[in-house]
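Subject: A structure to look at

Hello,

I am passing on the structure we spoke about, for you to open alongside this message. Please have a look at it first, and then read on.

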Amino acid sequence: MPTTPRVAIIGAGPAGFYAAEHLQKQERGIAVDLFDRLPTPFGLVRGGVAPDHPKIKSVTRVYDKIAARPGFRFFGNVEFGRDLSLGELLRHYHAVIFACGAPTDRALGIPGEELAGSRTATEFVGWYNGHPDFRDLEFDLSQESVVVVGVGNVAMDVARILCRTPAELAATDIACHALEALSRSQVKTVYVLGRRGPAQAAFTNPEIKELGELEAADIVVDAAELELDDASRAMVEAGDDRTPQKNLDTLAAFAQRAPGTKDQKIIMRFCVSPVALEGTDRVERVRIVRNRLEPDGRGGVRAVATSEEELIPAGLVFRSVGYRGVALPGVPFDDRRCVIPNEAGRVVDGDGTVLPGVYAAGWIKRGPSGVIGTNKPDAVETMTRLLADLDDGSLPAPTEADPEAIPTLLRSRGVSVVSYPDWQRLNAIELTAGTELGRPRVKLTRLQEMLDALQATATTASS
């Protein structure tokens, strides 16, 4: 084994950075190359965290410190499967870690889901955050009634951003195109639908409380829908996590409020499921069914549809019922769970055989669960296995361990690699543009725009 172990990490989100950090803390001189298909690092911290939650984004200061450590390199604008294969990476590194998240939404699987006006939360979140994949999408915000399916934190973000005033949004780093479109929005009512009861809602307490503090929107909760079945009540009383009870208390306080007079309304519904999206050429209404909750035999409850149905008028529907991972070229994939199959981070093939030197961390490892910080112990678990494999000599030795081999290979393929110093220049450009407009930052939202900005600053610096 050469003196300097070399590790490649695919995905520059929280899981990727935390994996790099744990390797650095070992003080063993491990070289870490972090790859991302976008020129910008930080994954969902940049492209998923709501623009009105700047404190959450401050975690990037930690990632900056990780990137500044010796032996760390960032390769932005490099896509796994297009620019590099697993086989090629294993020829250059002792280990490859996949930390590429879960980039797509789960489908509802109901009639009418293909109609115009039926969209995913991922699309909307990426659009208003300026993610290049979603930057040029359009959403019909002339619709007065919107349905958000799901009661996780992402659903809360969607509902909240739809109801923020233009002045509130302008004080954030929301993408300029989204700010302009939302400033013209005609949305008056946002329905948020939960399949099970309030005790099973996945939102955190700060997120639901925030919906009751909006400047221009009232929150409407039916007290009858907060009544718990026996199984849910037992779950709340027996659980160590006090979040469900805090959520119930918050929702109960909302239900006791007098009818509001604000321009917009967010209407929370529980124990209901959409069974069809209806309309001629586009979504015009959502057919929902009332559910009853029954014990599932595992200490929880399941939603069982009744015969009671109703129609909600809506011209725009956002699906927010969970993310899912996607298969990567040449990498094992569990089609049922939508993750890379693994044993505590060690990737396994279809027969359960461990693939030497291949690991997974984050959502692509465990599925889309937890918050940003959840990725840290998850990454530590995977890196603990990697280090054990390094110590017992089970990592395959790369045949081309020269650190300059990968940059040379990418250049030969015409890949415009973005380094961490390059990203810091992009960051400075965005911050300066924001200062000029009295905003936190103005994001660059197209790939070519980013590359052109780097070229322009390089030209200026050399002249």
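Below is what turned up, one region at a time.

Please keep in mind that this is a predicted model.

Let me start with the sheet. Seven strands form an open sheet in the order 3-2-1-4-18-17-16, and their pairing is mixed. Strand 3 (72–75) and strand 16 (342–343) are the edge strands; each has a single partner strand, so one side of each has no neighbour in the sheet. At one of these edges, strand 2 (residues 31–35) pairs with strand 3 in the parallel sense, over four bridges. If you would like a place to zoom in there, Leu 34 sits opposite Phe 74 of strand 3.

From strand 16 you can move on to Gly 345, which lies in the loop between strand 16 and strand 17 (346–348). Is Gly 345 buried or exposed? Gly 345 has a relative accessible area of 0%, so it counts as buried. Which residues does Gly 345 touch, once those up to four places away in sequence are set aside? They are Val 358, Tyr 359, Ala 360, Lys 365 and Thr 382. Taking Val 358 from that list, Gly 345 and Val 358 are 13 residues apart in sequence, and their C-alpha atoms are 8.7 Å apart in space.

Next, the nonpolar cores. In soluble globular proteins, nonpolar side chains tend to be buried together. Here the largest nonpolar core has 45 residues, and Trp 127, Val 190 and Met 268 have the most contacts inside it. Helix 7 (residues 153–163) gives this core its largest share, seven residues. Another core lies apart from it, with 40 residues, including Ala 15, Ala 67, Ala 99 and Ala 361. Trp 127 is a good residue to click on: beyond its neighbours within four places in sequence, its contacts include Phe 134, Arg 135, Phe 139, His 177 and Leu 182.

Last, a pocket. The second largest pocket holds about 440 Å³ of space. Its lining is made up of 20 residues, and those nearest its centre are Lys 57, Ser 58, Thr 60, Asp 173 and Arg 441. By type, the lining splits into eight nonpolar, four polar and eight charged residues. Helix 2 (44–47), helix 3 (54–57), helix 4 (60–67) and helix 16 (420–437) each contribute at least two residues to that lining.

Enjoy exploring, and write back with any questions.

Best wishes

Conventions. Residues numbered from 1 in each chain as written. Predicted model: local features only at pLDDT ≥ 70, side-chain atom pairs only at ≥ 80, totals over all residues. Heavy atoms only, no water. 1 Å grid on protein atoms, 1.4 Å probe; cavity = no way out; pocket = protein on both sides within 12 Å on 5 of 7 lines; lining within 4 Å. Points joined across faces, edges and corners; volume = space filled by probe spheres on them. Nonpolar A, V, L, I, M, F, W, Y, C, P; charged D, E, K, R; others polar. Pairing = 2+ DSSP bridges. Core = buried A, V, L, I, M, F, W, Y, C linked by side-chain atoms within 4.5 Å. Buried < 20%, exposed > 50% of the residue type's maximum accessible area, 1.4 Å probe, protein only. Contact = heavy atoms within 4.5 Å.
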